[in-house]
Each structure stands twice: as C-alpha cells, then as structure tokens.
Amino acid sequence: MPRIIRSVTLLELLIAMVLLTVVILAVGRIDYFSRFQLISSDRRVRLQNEVTYILEHMTKSLVGTADTGGAIGNISTDGNSINLAIDSDKDGRWSNTSDRNIWYRYNVTPFNIMYNNGITSENLATRGVILNNTYSYTDNYINVSITARWDPGKDRSPENPEITMNTTIIMPSVSAQR
C-alpha cells in the first residue's frame, strides 16, 4: 500500500495567514481602545478631583471664616471673582488691621483660580485647567459654577474631556448686635 503524504496546500496556508492576521488586528484594536478609555477616564477623574478640591476650599474658607468670628461686612461678585469682607472686631467699620478680605479670582490667561485671605495667596488650580468660573450671590447663598477642561486651549474632545461642577455655599446668617 502506498504511503499517503499529507501536506499543506497554498490555499490552506493563505487561509491560516488571513485568520492569524484578523486575530492579531483584533487584539491590537482591543488594546488600543482600552488604553484610550483608560486615559480618557483618568483625565476626567483628575479634573473632578481638582475642581472638587477648589469647591471644598471655597466652602470651608468662606463659611469657616464667617463662623469663627467677625461679621460679614460685604460680599461682592463680578462673575469672575468673589470678595468677602470680614469685620473681625465687629465694630461695623472697615478700618482695623484685624479686618480683612478673602477673595477668589478666576484668571483667564493661565486658566487658574487664585485665593487670597489677606495673609497668603495661593493658586488653587495646580494644572491650570480651569476654563470658566462664575459666581453669583443672592441673600445668603453663593452659587459657584466651575468648568474645567484637560487642555483649555483646545476644543472639547474624547482626548480632552470637560466637566462642569456647581455648588451653593450657604453663608451663616448674620444679625445685628444689640
């Protein structure tokens, strides 16, 4: 009986190469997609952390200063900044060296928010990602809205995520002393 030699034909070899190429391309595409999603999600989380830090800083600083003594002399906003005047000695005048201002100011050029409490000044946006910031004040409520983008100089895209966070700071009620 003659021996049958089985070999791979050219057609079988081509089919195997096509299947292997499809598998390699699918694995590469999955890897690329997962890396892209990871980077995009990481950027969104970092933006949220930075804006959350700024909003918490504002809330603690403004409410905490008003709570620890001193009457709120004046709260003023112009849309891009907020100024809180504290009358520390409660004499109803802005004259003493103990009286001070606390302000937050949005700067367009470096895309940041500056904080100043009369003693120190600090840049709250470490990466410079703040795209827009608005303040409004009614009664005892300060409404703050912050929009941040990974790269403020570029348009919004999946690689350049943008988030907007809002908060309302409820200032303590201040009544006249007798």
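In which strand is Met165 found? The legends below take up this point and others for a predicted model.

**View 1. Met165 and its surroundings in strand E8.** Met165 is found in strand E8, which spans residues 162-170. With 23% relative accessibility, Met165 counts as partly exposed, because buried means under 20%. Beyond its neighbours within four places in sequence, Met165 touches Gln48, Val51, Thr52 and Leu55. Its contacts also include Val144, Ser145 and Ile146. Asn133 sits 32 residues away from Met165 along the chain. The C-alpha atoms of Met165 and Asn133 are 9.8 Å apart.

**View 2. The aromatic pair of Tyr104 and Tyr115.** The structure holds 1 aromatic pair. Tyr104 and Tyr115 form this pair, and its geometry is tilted. The ring centres are 4.9 Å apart, with 35° between the planes. Tyr104 lies in strand E3 (residues 100-107) and Tyr115 in strand E4 (residues 112-116), so the pair ties together parts 11 residues apart in sequence. Both tyrosines, Tyr104 and Tyr115, are buried.

**View 3. Ser81 in strand E2.** Strand E2 covers residues 81-87 and includes Ser81. Ser81 has a relative accessible area of 13% and is buried. Leaving aside neighbours within four places in sequence, Ser81 contacts Ser76, Tyr104, Arg105 and Tyr135. Among these partners, Tyr104 also belongs to the aromatic pair with Tyr115.

**View 4. Arg105 over the ring of Trp103.** Arg105 lies over the face of Trp103. The distance from the ring centre is 4.1 Å. Arg105 is also one of the contacts of Ser81.

**View 5. A nonpolar surface patch that includes Leu13.** Val8, Leu10, Leu13, Leu14 and Met17 make up a nonpolar patch on the surface. Together they present about 520 Å² of accessible area. Leu13 is placed in helix H1, residues 10-67. At 44% relative accessibility, Leu13 counts as partly exposed.

**View 6. The whole chain, for orientation.** The protein has 1 helix and 8 strands. Along the sequence, the pattern reads α-β-β-β-β-β-β-β-β. Of the 178 residues, 30% are buried. Among contacts with a separation of 6 or more, 44% join residues 24 or more positions apart. The accessible surface comes to about 11,800 Å². Carbon and sulfur atoms account for 56% of that surface.

Definitions and conventions
Residues numbered from 1 in each chain as written. Predicted model: local features only at pLDDT ≥ 70, side-chain atom pairs only at ≥ 80, totals over all residues. Heavy atoms only, no water. Phe/Tyr/Trp six-rings, centres within 6.5 Å; stacked < 30°, edge-to-face > 60°. Helix = DSSP H or I, 4+ residues; strand = E, 2+ residues; numbered from the N terminus. Buried < 20%, exposed > 50% of the residue type's maximum accessible area, 1.4 Å probe, protein only. Lys NZ or Arg CZ within 6 Å of the ring centre and 35° of its normal. Patch = residues over 30% accessible without salt bridge, like charges linked within 9 Å, V, L, I, M, F, W, Y side chains within 5 Å. Areas by Shrake-Rupley, 256 points an atom, 1.4 Å probe, with all protein chains shown as cover. Salt bridge = Lys/Arg side-chain N within 4 Å of Asp/Glu carboxyl O. Contact = heavy atoms within 4.5 Å.
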